[in-house]
Amino acid sequence: MAKLSTLLDQIDSGTIVLPEFQRGYVWNREQVRGLMRSLYRGYPVGSLLLWETAATDVATRGGTTGGGIRLMLLDGQQRITSLYGVIRGRPPAFFDGDPKAFTGLYFNVETEVFEFYTRAKMASDPRWVNVTELFQQGPAFHVAQFSDTPKLLNKYLDRLNRLHQITEREFYDEKITGADKDVDEVVDIFNRVNSGGTKLSKGDLALAKVCAQWPVARRTMREVINRWREQGFRFTFDWLLRATTAVATGRTTFEALNRVDAAQFRDALERTIAHTDTFLEELSGRLGLDHDRVLKSKSSVIVVVRLLDLNGGSFDSSAHRDKVLYWYLNSALWARYSATTETTMQRDFEVLERSGVEGLITVLEQWRGGSLEVRPHDFEGSSASRFYPLLYLLTRVGDARDLRTGRPLRLEYLDSGLSLQQHKIFPTMLLRGRGKATENANLCFLSEESARAIGNRPPEDYLAEMEAAHPGVLASQWIPSDPQLWRAERWRDFFAARRELLAREAQRFLTELRDGTAGTDALPLRPASVVVENADDPRAVQVRDLINELQRLGCSAPDRDTEVPDPQTGRTLAVAEAFWPYGLQAGQGSPVLLVSDSAEADLPRLKELGYEVFTSVDTLLGYVKRRNAEAAGEQLVEQKAVAEQPREENEPLLRELGVALRSLYDRARDEAGYTPSQLLSMIADLGPLGAARRLLHAPTVSDGFSALWERGRLDLTVEAVVCEPRFAPLFTEEELETARRRLNQFGYSVDSAA
């Protein structure tokens, strides 16, 4: 047994350290709050597992130099790190994560609850005590705060003392001892202990062995990964480790690193970083693929890194470079490494060593049935599809001109540094209830100023004007010139015609790359700043606001608009609006997907593979809130009213509100073909006023709001009912403003409706 105060002192002295193979800190605020609540109430909080060793060849974080016995924390990192951060007011030396998870925790001496600081609630209420200050200054320091309430002073001080005394709490600590224990055996023990939590991947295991010989390996890799992220490219530790393995051994499996010593690994890592930089520069400068959203198939980049290493770190010529780029583009477009990655890549490594890039191209052609031709249907799908980068590439390298000014987009960017903006030819409002405005065939790129000037005008209102002012500008953006296709009802024909034009241009450019005849610029393309058009439909706003809210609640940032392939066949199982491949909190839980249309996703196969799939923003947000409430040791309680309850004279108005909201159910079902089943449940659970307020205080619009917008019936939303003048006395001005803003934002004029 060990007292918490002793454990914290041992961390300060460098006796307790973290083995380098451990992942970083991944807890969120609710987990920290739950831990403090459990300790305060005397609940069990689990034991610790420590490795007691004098070994000096095991890489650690947070220790001091020199020999001596050290205790390596194997199980309990998240708990001990949280307690250290709250009590000491700073992260421990071995910390690697976000300190906001344990910064600013307060304790209410009246209600005995823990919450993180919110100015509106706590600034003028002395009953909220900063927990870190309590541990650093002691309970007596707070006597003056409660001098105005002498009857409560003893009760409050007793509670503060009880909280302060958790540093005397004893933790059961189990130790692994014995000189015969090595890092491999301890890592295996760690994995078994953490089978339900942060189990190490094969990459983690390999990196643990590397760090045993070269302690700063993880830090060095983290620094370069952060540098690439600042440049717009997101790579993972596993990716960099696999690429380094390929350079060091010519193999794809991490087990190959068992034959590589620290000096060899360090040299291979340096070459891997240099080769990756070389390729990213060429990819950006030659093709304009200059940010992560258009960098598809990072596995293909590993093959190019291997090619560059075999070739002395450079390309033979511009023609050789273009052939490599041709192979990379096609391997990404056709998802060469979406299934059985290690086996397929190893075969390609062998082909590469025998026949170079020509061999890779031949194998790719054979794998695709003898042809890599781009066809119009390949451009079907949205900006989440594999062919979106090709559309972007054609704009960057071709002769595309700005529709409004007629200026070449490449030159405009090079000369003035202006950003490009993704523009929808048919605006979202025009396609509402018809097709997806984010289809590749509906997207083009303009300067930000031009995109703002065109706004949401329908194409039949502006395309003829643009072509008359700048002849040929439509053809430069592969936009059909037939005015009949610009009408809203002809959107399907427009999309089909534009796919034909895009496929023709893409095939022309790819063929020139393959043959080495594509023209080259005197100056390489500089990275462009690309602005995605502001979300102009409720679903896009929902997803954006959901992600912001989930990150506020401690979840990781997801991948946006990405295909999720079957690891065995490569078949696309879903196009996820948001995808957390390592769980909502990195290293914890199963992969999570948010998909808008369950009919387009293979839900049984995704479930079989262990994915958690949500098709509703409301459901996913509710799931996270329930999970966080459980982590905090609380129940998620829906309140019947967010603000003050209405006065008695408003009771007849409350009954009217209930009638109005219940009528929405019947009208939405009968008039719009949408059944808002959740609305009746909310009214039953919370009452009509509570249901309305819950929706108004949500971080984003509801699924029902989005569904009714698609049907052109925002008049059937709860927000529309709230905005009826007769119900104004029931709501605060902030609530009314929220309802008005949401409706006006999506084209429903509250004033005209009134």
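This passage describes the overall fold statistics, the nonpolar cores and the surroundings of one threonine in a predicted model. Residues are numbered from 1 along each chain as its sequence is written, and side-chain values use heavy atoms, without hydrogens or water. Local features need pLDDT of at least 70 and side-chain atom pairs pLDDT 80 or more, while totals for chains, interfaces and linings use all residues.

The chain holds 30 helices and 17 strands (DSSP runs of H or I with at least four residues, and of E with at least two, numbered from the N terminus). Of its 754 residues, 52% are buried, meaning under 20% relative accessible area with a 1.4 Å probe, protein chains only. Among contacts (heavy atoms within 4.5 Å) with a separation of 6 or more, 70% join residues 24 or more positions apart.

Turning to the interior, the largest nonpolar core (buried Ala, Val, Leu, Ile, Met, Phe, Trp, Tyr and Cys residues joined through side-chain atoms within 4.5 Å) has 85 residues. Phe 265, Leu 287, Trp 327, Tyr 328 and Leu 393 touch the most other members. Helix α11, residues 262-287, gives the most to this core, with nine residues. Apart from this core lies another, of 45 residues, including Ala 2 and Leu 163.

Thr 428 is found in helix α17, residues 428-431, and counts as buried because its relative accessibility is 6%. Its side chain makes a polar contact (N or O atoms within 3.5 Å, one able to donate a hydrogen and the other to accept it) with the side chain of Lys 424, at 3.2 Å. Beyond neighbours within four places in sequence, Thr 428 is in contact with Ala 437, Asp 536, Asp 537 and Trp 709.

Terms used:
Buried means under 20% relative accessible area, exposed over 50%, partly exposed in between (1.4 Å probe, protein chains only).
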